[in-house]
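Colleague: Please take a close look at one part of this model, the surroundings of the DNA, and describe how they are built. A connected account for a first-year student would be welcome.

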2 protein chains.
Amino acid sequence: MPVTIKDVARAAGVSPSTVSRALTTPQLLLPETRDRVQRAVQELGYHPNRAARGLITGRTGNIGLIVPDLTNPFFPGVVKGVQERAHEAEYSVFLADTDEHAAAEADLVRALGKQVDGIVLCSPRMSEAEIRAVAGETPIVMLNRRVGRIPSVTIDIGEATRQAVAHLVALGHRGVGYVAGPRNSWSNRERLRVLRSAAAGAGVELREIATVAPRFAGGVAVADVVLAAGVTAVVAYNDLVALGLLNRFAARGVSVPADISVVGFDDILFAEMVSPALTTLALPQEPTGRAGVELLLDLLEDPDRAGSARRELSAQLMVRGSTGPARTA
Amino acid sequence: MPVTIKDVARAAGVSPSTVSRALTTPQLLLPETRDRVQRAVQELGYHPNRAARGLITGRTGNIGLIVPDLTNPFFPGVVKGVQERAHEAEYSVFLADTDEHAAAEADLVRALGKQVDGIVLCSPRMSEAEIRAVAGETPIVMLNRRVGRIPSVTIDIGEATRQAVAHLVALGHRGVGYVAGPRNSWSNRERLRVLRSAAAGAGVELREIATVAPRFAGGVAVADVVLAAGVTAVVAYNDLVALGLLNRFAARGVSVPADISVVGFDDILFAEMVSPALTTLALPQEPTGRAGVELLLDLLEDPDRAGSARRELSAQLMVRGSTGPARTA
DNA sequence: CAGAGTTGTGCAAAGGTTTTCAGACTACGT
DNA sequence: ACGTAGTCTGAAAACCTTTGCACAACTCTG
């Protein structure tokens, strides 16, 4: 027997409509009645039934968040950002994890779509066509990917990447490897593109060495190939892969950075926990999440104005112990 | 203009009631009508409006999950377990993160409580009184903590801890330190208790060295104190703290395990990524999450029968590189 | 002081589903 | 042939809010 709007109305001696207004559009009420209602609300501990409200307004007060893999320490950071900003706006957030399973994404979006006002789609792996399709059904903002005019927040790695390359060049490196991430990852393509251009600009040879699952094990698995490639420095798709490299290098007695320098992307918590600490391009995780829900809120408020909004944050080079002077061949 | 139950009814030539039954209690229908309805559902792409359904059934089809800090790699594991099991049961999950802020927990439970059928409360830091209070208002199951008869899933560390102590004793350690976690953490109290008893049983002196925030920085901060304590082995409240110790030890030129052995709790992903890899007591993260929602589902189905259910999983000692023979003093 | 505009509140409909109750029909037993 | 039990479906109420519309009471204006 939960307390309903009628109970409050009776207690305050007004009609249910008035109670409703006291909570949603207080400025329409006489200050005196407003106070009386609010006192009754307090006393009875009334909370509007969200289902009933949602039924009529068509809004749920929820947003959805879909990430590829919560186990990758990059994502908890953005989840936190999303949560924070969402709560500030009195939204609750549904979280779903696709386990890096591109096929699950579209289904998940559609399933979640019914229960939320909008969705924040983080680093989606699905095809552009699928994204366009689901974006047509549900308000969506994307994180770490850009397709068409769908609102998105991305991270500009241009400047930081050029810095990183300059850093390596200054240390004497002339041959640099790139260990790629998932083919269907926009970030991966972007990182490769920017690296290529930066390398070309600096007169460095960039060699794409392999493609791996963006996990620790992927880095471990590919480490020997990297060594065989004869480069003096290697950039990994992300920190997890970079840590995998470090791990296998250590196991093989290859010393970092004396024998080879390693650079990652993301700046996850663990990048500075290992020794040598990992030189990496830091991506602002929480701000990305926050910006995502801000865009989404704009989009919900005014789909036309915010229909193709874009936000771009920037990466930052963190030089740590894993990069050093090139081994002179 | 979303498709409603009436549209389906019209398309199938039946009443809305029949459509509803086709979806919720198909056995009440003539197979032929059931099929006809389901075909119409498919064709129109109908999905029941959850708000409307919830309004009348009083159920939301959602569960809440509250964790202290998503940034601690232990928790994403249990979140994944919760997600998986919840989706299997066609529930969606609301996630909230308290940032290790005990005061926020009760509020969060109450806020979330209105929007979900039940809550999985992971490693709560709030007081027993508060827990009892909120458990009275909303169906709750707890993870990693036990209070009263509230349904819970905990991890039995007894056997594994005794093994760990035996392992240390076999390596010649006689003085072992414990770096404690949050005072208001049940796990912390439990770990200390079990360690004490295991140490006593094995004739080892257990020294409680300090209390820290259960994070990497906490371990770093306390490492020197550990060294000054003159123990040959140290057990940390969790892996993050243990990794912090390793990091600071390395920085000070203290070699692990030659100079001091280190043991953690949790077995987070990174425990095996560092070198030396961390010896630790592995807690089953995903199974804990899964068990949590199973208990919750039971509780929702039959509050009386499942009112005080309990599940106990067990920990497992993972011996890795961070433990070795005691330095002979 | 009449009329127009403004302000504050209530009535009732609407939103989409589930569920109780009753009705229609079938099949069966006598 | 008729009553009865049983099976399947439909009508309508109920869940709780929000909101368009109407109404009443004021406040101005001329």
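Modeller: Helices (H or I, at least four residues) and strands (E, at least two) are DSSP runs numbered from the N terminus. The model is predicted, so local features need pLDDT of at least 70 and side-chain atom pairs pLDDT 80 or more, whereas totals for chains, interfaces and linings use all residues. Residues are numbered from 1 along each chain as its sequence is written, while chains are lettered from A and ligands numbered from 1 in the order of writing.

The surroundings of DNA strand C comprise 27 residues, where a residue is near if its C-beta atom, placed from the backbone, lies within 6 Å. The closest are A:Thr33, B:Ile5, B:Ser17, B:Ser20 and B:Ala52. Both chains take part: helix H2 (16-24) and helix H4 (50-57) of chain A, together with helix H2 (16-24) and helix H4 (50-57) of chain B, each supply at least two residues of this surface. H2(B) gives the most, with six residues. By class, the surface near DNA strand C holds 15 nonpolar residues (Ala, Val, Leu, Ile, Met, Phe, Trp, Tyr, Cys, Pro), two charged ones (Asp, Glu, Lys, Arg) and ten polar ones (the others, Gly among them).

The two chains that supply this surface also touch each other. In this interface, 31 residues of chain B are in contact with 31 residues of chain A, contact meaning C-beta atoms, placed from the backbone, within 7 Å. On the side of chain B that touches chain A, two or more residues come from each of H4, helix H5 (74-88), strand S2 (92-97) and helix H11 (239-251) of chain B. S2(B) provides the largest share of that side, six residues. The residues of this side divide into 18 nonpolar, nine polar and four charged. H4 of chain B thus appears in both settings, since it supplies residues to the surface near DNA strand C and to the side that touches chain A.

How are the two chains arranged? A rotation of 180° with 0.1 Å of shift along its axis superposes chain B on chain A, with an RMSD of 0.3 Å; the fit is by least squares on C-alpha atoms of residues with pLDDT of at least 70 in both copies. The two copies are therefore related as by a two-fold rotation axis. Of the interface residues of chain B, 100% are also interface residues in chain A, so the copies meet through the same surface.

Technical notes
Contact = placed C-beta atoms within 7 Å.
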